[in-house]
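Colleague: Please take a close look at a single part of this structure for a first-year student. A connected account that sets the part in its surroundings would be most helpful.

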Amino acid sequence: WIERNKSLWRYLRDCLKLIFPEAYNKLTNITLPDPLQLLYYPWSGAAINQQMTPNSILQHHQDWKDIHSAPNAVVPYGDYDRGDLVLWQAKILELRPGDALLFMGSLICHGNTKITRGVRNSVNLFTH
């Protein structure tokens, strides 16, 4: 799955470089000891939220342990209705499969509205 989505990771990396150049420089200068490597370069971690259904809810939260100068990258996928991303200090965003959002998860409280139909999944890239 990670290998099959390499073009997505490259696209998100390029967006990060264009929109948040200082964060890109900071993240790309992190060195890991051999033989470790970043799977979602330049982000060091990923949360895979799977099988979110109308009975599921993603609690609103803030990613306190993330690097405060680097954004998260969120990519939803699946066949679903609603389940919108709520950025409490900003607004509700309807992200559809194929969309991507870079936002400061360590600074903005976020979560999702209730899914009304189907199954929603998402990938959230971050760096602690």
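What does R117 count as at 36% relative accessibility?

Modeller: The model is predicted, and every value that follows is computed from it. R117 counts as partly exposed, because its relative accessibility of 36% falls between the limits of 20% for buried and 50% for exposed.

The partner of R117 deserves attention next. R117 forms a salt bridge with D79, and the closest N and O atoms of the two are 2.9 Å apart. This pair links distant parts of the chain: D79 belongs to strand β2, R117 belongs to strand β7, and 38 residues separate them. D79 has a relative accessible area of 51%, so it is classed as exposed. As a general point, side chains of opposite charge can pair when their charged atoms come close. The pair also has a third member, since D79, D81 and R117 are linked in a network of salt bridges.

A search of the whole structure finds five salt bridges. Among them is the one between K6 and E3, where the closest N and O atoms are 3.7 Å apart. Here K6 is partly exposed at 33% relative accessibility, while E3 is exposed at 59%. Another joins D14 to R13, with the closest N and O atoms 3.5 Å apart. D14 has a relative accessible area of 41%, which places it among the partly exposed residues.

The strands that carry D79 and R117 are themselves joined. Strands β2 and β7 run antiparallel and are connected by 10 bridges. Within this pairing, V75 has V123 in β7 as its bridge partner. Strand β7, residues 115–126, also pairs with strand β1, residues 45–52, in the antiparallel sense over six bridges. In that second pairing, G45 stands opposite F126.

Strand β1 contains a residue with a notable backbone angle. Q51, which is placed in β1, has a phi near 60°, a positive value in a residue other than glycine. Q51 counts as exposed, with 52% relative accessibility. Strand β2 holds a similar case: R82 lies in this strand and has a positive phi of about 65° although it is not a glycine. R82 is partly exposed, its relative accessible area being 41%. For context, most residues other than glycine have a negative phi, and most peptide bonds are trans.

The second half of that general statement bears on the loop between α2 and β1. P35 is found in this loop, and a cis peptide bond with an omega of about 5° joins D34 to P35. P42 has its place in the loop between α2 and β1 as well. A cis peptide bond joins Y41 and P42, again with an omega of about 5°.

From R82 one can move on to D84. The side chain of D84 makes a polar contact of 2.5 Å with the side chain of R82. D84 lies in the loop between β2 (72–82) and β3 (85–87). At 2% relative accessibility, D84 is under the 20% limit and therefore counts as buried. Leaving aside residues up to four places away in sequence, D84 touches I92, L93, E94, G111, N112 and T113.

Several of these neighbours lead to another group of strands. Three strands form an open antiparallel sheet in the order β4-β3-β6. The edge strands, β4 (92–93) and β6 (110–112), each pair on one side only. Two bridges join β3 to β4, which run antiparallel, and V86 stands opposite I92 in β4.

Finally, the part may be placed within the whole. The chain has two helices and seven strands, and from the N terminus on its elements run α-α-β-β-β-β-β-β-β. The radius of gyration is 15 Å, close to the 14 Å that the globule rule gives for 128 residues, so the chain is as compact as a globular protein of that length. Along its principal axes, the C-alpha trace spans about 45 × 35 × 25 Å. Of the 128 residues, 39% count as buried. Among contacts in the chain with a separation of 6 or more, 76% are between residues 24 or more positions apart. The accessible surface of the chain comes to about 7,500 Å², and 55% of this belongs to carbon and sulfur atoms.

Terms used. Residues numbered from 1 in each chain as written. Predicted model: local features only at pLDDT ≥ 70, side-chain atom pairs only at ≥ 80, totals over all residues. Heavy atoms only, no water. Helix = DSSP H or I, 4+ residues; strand = E, 2+ residues; numbered from the N terminus. Buried < 20%, exposed > 50% of the residue type's maximum accessible area, 1.4 Å probe, protein only. Polar contact = N/O pair within 3.5 Å; in protein donor to acceptor, adjacent residues only side chain to side chain. Contact = heavy atoms within 4.5 Å. Pairing = 2+ DSSP bridges. Rg over C-alpha atoms; globule rule 2.2 N^0.38 Å. Areas by Shrake-Rupley, 256 points an atom, 1.4 Å probe, with all protein chains shown as cover. Salt bridge = Lys/Arg side-chain N within 4 Å of Asp/Glu carboxyl O.
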